[in-house]
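Biologist: I would like a close look at one part of this model, the strands of chain B. Could you walk me through them, and then show me how that part sits beside the rest?

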Amino acid sequence: MDSDPKTPTPPAEPATTSPRIGVDEWVKRSDERTAGPRGLFGATSRLINGVPQVVWLVGFLAFACVLPFVTSNGYVIGVDADTLLYVLLALGLNVAVGWAGLLDLGYIAYYGFAAYLFAELSSGHYGLHWPTWQSVAVVIAATILLGFVLALPSRRLSGDYLAIVTLFFLQIFNNFTAQGQAWDWLGFGAPHDITGGPTGITNVDPFRTPHVHVWFIRIKAHVLDNAPTDYVWIAAAGIAVIAVLLGFVNRSRTGRAWRALREDSLAAEAMGMPVKWLMMLAVAVGAGVAGFAGTVNAAYYQGVFPSAFTFPLLITLYAMVILGGAGSLGGVIFGAVVVNVLLEVLRTPYQARWVFYAIILVGLAVKLRPWRALIAVFGGLLALGVAAHEIASAISPRLVAGPIAEGPTSYSTHGFFATLLRHWMILPAHTYTGGDYKAGNYAFVATIVLVLALTLVKGWKRWVLLVPTIYVAAFAWETDLINQAPTVRPLLLGVILIVLMAARPAGLFGQHRVEVV
Amino acid sequence: MPHETTQKRPMLELRGLTVSFGGLTAVDKLDFQVGEKEIVSLIGPNGAGKTTVINLITGVTRPSSGDILLAGESIVGLAPHKITQRGIARTFQSLRLFLNMTVKENVMAAQYGHTRATIVEQMLQLPRARREQRQIDAFAEEKLAFFGERLMGYRWNQPAYSLSYANRRRLEIARATATRPRVLLLDEPAAGMNPVETHEIAELIGKLRDEGGYTILLIEHDMHVVESISDRVVALDHGTKIAEGTFEQVATDPRVVEAYLGTKATTTK
Amino acid sequence: MHLVVGFNGWLGWQYFFSTLFTGLSSGSLYALIALGYTMVYGVLKLLNFAHGDVFMIGAYIGYFVLTALGWPLKPILPLAPMLLVAFAAAMLGCALLGVTIERFAYRPLRNAPRIAPLISALGVSFFLQQTAVLLWSPNPRSYNTFEYKDAQLFHFVGWGNFRLQYVQLLIMLSTAALMIGLSYFVWRTRTGKAMRAVSVDPEAASMMGIDVDRVIMVTFLIGSALAGAAGVMTGIVYSQIDPYMGLGYGLKAFIAAVVGGIGNIGGAVLGGLLIGLIEAFTGAYVTTAFSDLVVFSVLIVFLLFRSTGIRGARIVQKV
């Protein structure tokens, strides 16, 4: 050897004041280089992320609680209560999916299990009318136990089996609740009505708060049967408490261990973390939250039905959690609110139309970078529409004579939108009264094909293809989809999930994650 | 100077350790010991079974036969996290950091096995949970301080993926020490480092033994490192031990030379 | 409870055997669908939740093709060619659908965390169901097989009291044929070998010159085509199809794949037959309302004790 390998010459000290060892300017500024969204959305999301999450939580809850006093519209208050229930559920799902990175597909089954159990304990079904606090405590404990049990057969290092087992439990649950009015222990006993079958269990007791007499504080006993207002408050209180509790857990050793588990379960285990136990804990904690939500659900609706706890609800919840950003408490709440409000808005064609076109316009404005492209696409869209309309009306007046949908059964040919659309869009005369919405169907399929094609082309061809895609989509919307809210809602959720995973897996407010390849 | 291992019980002992995958015997009746505060290097050509030995010791792989003893107690069959809690920690040949967590969090997370606050205590921020949190925090800073200025200060809150390669290797070792082990298994800690960094790592390993009191089993390819810090060297080839002793003894052992370089040139005419 | 029927005399045995054959034929259907699940899991380690809905689309394609050819009352072709055309159309259509799904919903997520393609699969499943509802209404449609020339397919062939319906025979034979074809493909052709290589180690396979993207595409193609065939068969035997049938059949086929050892082709067949038999016997001898529950519970119990399935391989993780 030429130089002694044990003592190599240390690098010469630089004469100038260059960065010292251990103090690295480049690394110090790494945050600036982390890809963050630019432009208006970037600024907005930085603003939102800058405000401490507590403020958002308190503000949101305050708004939700005040709403029943500001409006007497029962529908709105109902939406308020439903949204809060969704937020509660999303908080719980976030534990397993967002923090621990597990796919818990049985979540809705915990929710339903809790609701049914509460219904069994606090209703006329078995004649038990347990006091509220007793029922709720027992239900939550039972649901937590259920979560533990379901997570038990999952394999240590792979989350796939948890997904399978929980999915199947959901199916078992659905099967059992729908057929449970004649449960006969598989033929070994007499038929027994456990779950009330397809009609469910009704006349469930509402929550009853006890008479409180502590020192000088005296609160009368209440029966919370003024749904939904009372349950807005209950749910909001639940959210506040649970968000705080979960927030503390997230900052403690269990939260860190869940995050480590999500990052690399093998390494986590090598660092002393009991991976299997942590998985079970994450599922169980989520189940506990779902347990509480289930009791609120049962008391609020004063009944439980098998059709309320099915796969579509699971997808809805997942869409909320993923959209908001799995792992971020604030993001999850945001996702719940956005998705629920969106779904509600889609119910009425008139409102839905606003949303549809607003999303398209905003989406174009945000995503089309050079102003010229935006104007070109917009102009092309107008031109195409008007041209198509003229051609169609030249071929046959009936092709453009149709009205636009306003409400479930009301149509109109007047009004701002109607006038605008009827000159731009081809609306055949018997669009809504015809048997099969054939044209709309073809347009829908064509839209899908065009959208897929859009992802394949690049550059200016993309702008060009965008024009017919939007036009055909609008056509499918106006002639078909707008009136099919029960189908469009789940369709939209499915699309949200697919697109989010491909484009922005961190959701709107989740942490941008780096994956090792 | 090799430590005297005959007087007290060895810290880590492998007895007749064997594991087969299908028809391939990856480790064959392996016997050796590592005394307390010893630094033993495990060398051998690629595929000799060195990482498999570490996997066996840490419980990732189950041995077909044989025993592994930590301070005299058998640890075969225990779950990996339990083995770590008993006092054996490892680093990975291909780094396995928690990349999206901060530097400090990586080290804090590794302390899970030695903390006791239940989830209810964490939710309600009861005294034990808060106290442990402070301890975890302080301990993490202490472990990171071992590496000088490199992982200190503002670095604590940097995500681990922003670290340079050498710093990632250091963090991996820091994280392993945070599990309060008695034995450290370092799998190629100097891989991919330049000579300066390699020298630093070698010094660091010595420092780990001297100041930290750890017993160290080291897998390494860089013979300079092996020579400079090992008390003893064990050479493996095709899963069997072919030599054991000081570096000079092992490096000149004909079987070791043959394993690395092939059969002697003099046999071919 | 039906055990009262017992095994007394011919009637009992007849009941037993007809249950057996029912189980085997429905098990064959599950096996066909399960193959798709298992092959995709083998190469991508992905639980393709959307597979059941591809099966559903196949059933609908078969329906439309057969109706266009005049089935069941005014067929313009004899039975065999008509069925062949239906099968071919469904298999082709589903193959195309499967490849499209892979290309747009899963391929962008190749390097994402494991949970991402699973969620995307959920989204695709939902999307397919609702598209079917949108295009073809949620009301079930019927193949109306019974009206075909006095339900020729449901006539029996056999000896004495041990009889088999033509249609059951059809299913078992066609499944067997497809299975043999698949075996040949996987074990004797280069692409099949490439598939096996990719399922063991995609990175190493790509370094050996295997076009991993193409192999995955072929996997989806074959799996989806098999599901399409199963869809048409289901329509023919059970007549009724609806947009949500993918959930029911898909899940049971899923269980079959898992019980048989997911990733293992022979296991999928074994699992499918097993699940079909369990379902048939539970329905016949215990209870029909909760037969699903029994099947699902079998799965969970199985997973508890042998989580890799009957023919599953131990996953060795290289550290």
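Modeller: Happy to; what follows starts with the strands of chain B and then moves on to chains C and A. Please keep in mind that this is a predicted model.

Let's begin with β9(B), which spans residues 232–237. This strand is mostly covered, as five of its six residues are buried. On one side, β9(B) pairs with β3(B), residues 39–43, through four bridges, and the two strands run parallel. If you would like a pair to find on screen, look for Ile43(B), whose bridge partner in β9(B) is Ala235(B).

β9(B) also pairs with β10(B), residues 240–245, this time through five bridges and in an antiparallel direction. Here a handy pair is Val234(B) with its bridge partner in β10(B), Glu244(B). β9(B) and β10(B) form a hairpin with two residues between them. In that turn sits His238(B), with a positive phi of about 50°.

Chain B has another hairpin to compare with it, made by β1(B) and β2(B), again with two residues between the strands. Its turn holds Gly22(B), which has a positive phi of about 65°. The strands themselves are β1(B), residues 12–21, and β2(B), residues 24–34, joined by seven bridges and running antiparallel. Leu17(B) is a good place to start looking, since its bridge partner in β2(B) is Leu30(B).

While we are on backbone angles, one more residue of chain B deserves a look. Ala71(B) has a positive phi of about 50° although it is not a glycine. Most residues other than glycine have a negative phi. You will find Ala71(B) in the loop between β4 (65–70) and β5 (73–74) of chain B. Ala71(B) has 17 other C-beta atoms within 10 Å, so it counts as partly exposed.

Chain C offers a similar case in Ser137(C), which is not a glycine either and has a positive phi of about 65°. Ser137(C) lies in the loop between α4 and β1 (141–142) of chain C. This residue counts as partly exposed because it has 13 C-beta neighbours inside 10 Å.

That brings us to the contact between chains C and A, where 44 residues of chain C meet 43 residues of chain A. On the chain C side, the elements that each supply at least two residues are α3 (79–106), α4 (115–136), α9 (245–260) and α11 (291–305). The largest share comes from α4(C), with 15 residues. By class, this side of chain C has 33 nonpolar, nine polar and two charged residues.

Finally, chain A itself is assigned two domains, domain 1 (52–345) and domain 2 (351–503). Their C-alpha centres lie 38 Å apart. Nine residues of domain 1 are in contact with 10 residues of domain 2. On the domain 1 side, α13 (311–324) and α14 (329–345) of chain A are the elements that give two or more residues. α13(A) gives the most, with seven residues. The domain 1 side divides into eight nonpolar residues, one polar and no charged ones.

If you want to retrace the tour, start again from β9(B), which pairs with β3(B) in parallel and with β10(B) in an antiparallel direction.

Definitions and conventions. Residues are numbered from 1 along each chain as its sequence is written. Chains are lettered from A and ligands numbered from 1 in the order in which they are written. This is a predicted model: local features need pLDDT of at least 70, side-chain atom pairs count only at pLDDT 80 or more; totals for chains, interfaces and linings use all residues. Two residues are in contact if their C-beta atoms, placed from the backbone, lie within 7 Å. Ala, Val, Leu, Ile, Met, Phe, Trp, Tyr, Cys and Pro count as nonpolar, Asp, Glu, Lys and Arg as charged, and the others, Gly among them, as polar. A residue is buried if 20 or more other C-beta atoms lie within 10 Å of its own, exposed if 12 or fewer, and partly exposed in between; C-beta atoms are placed from the backbone. Two strands pair if DSSP finds at least two bridges between them. Domain bounds come from an automatic or database domain assignment.
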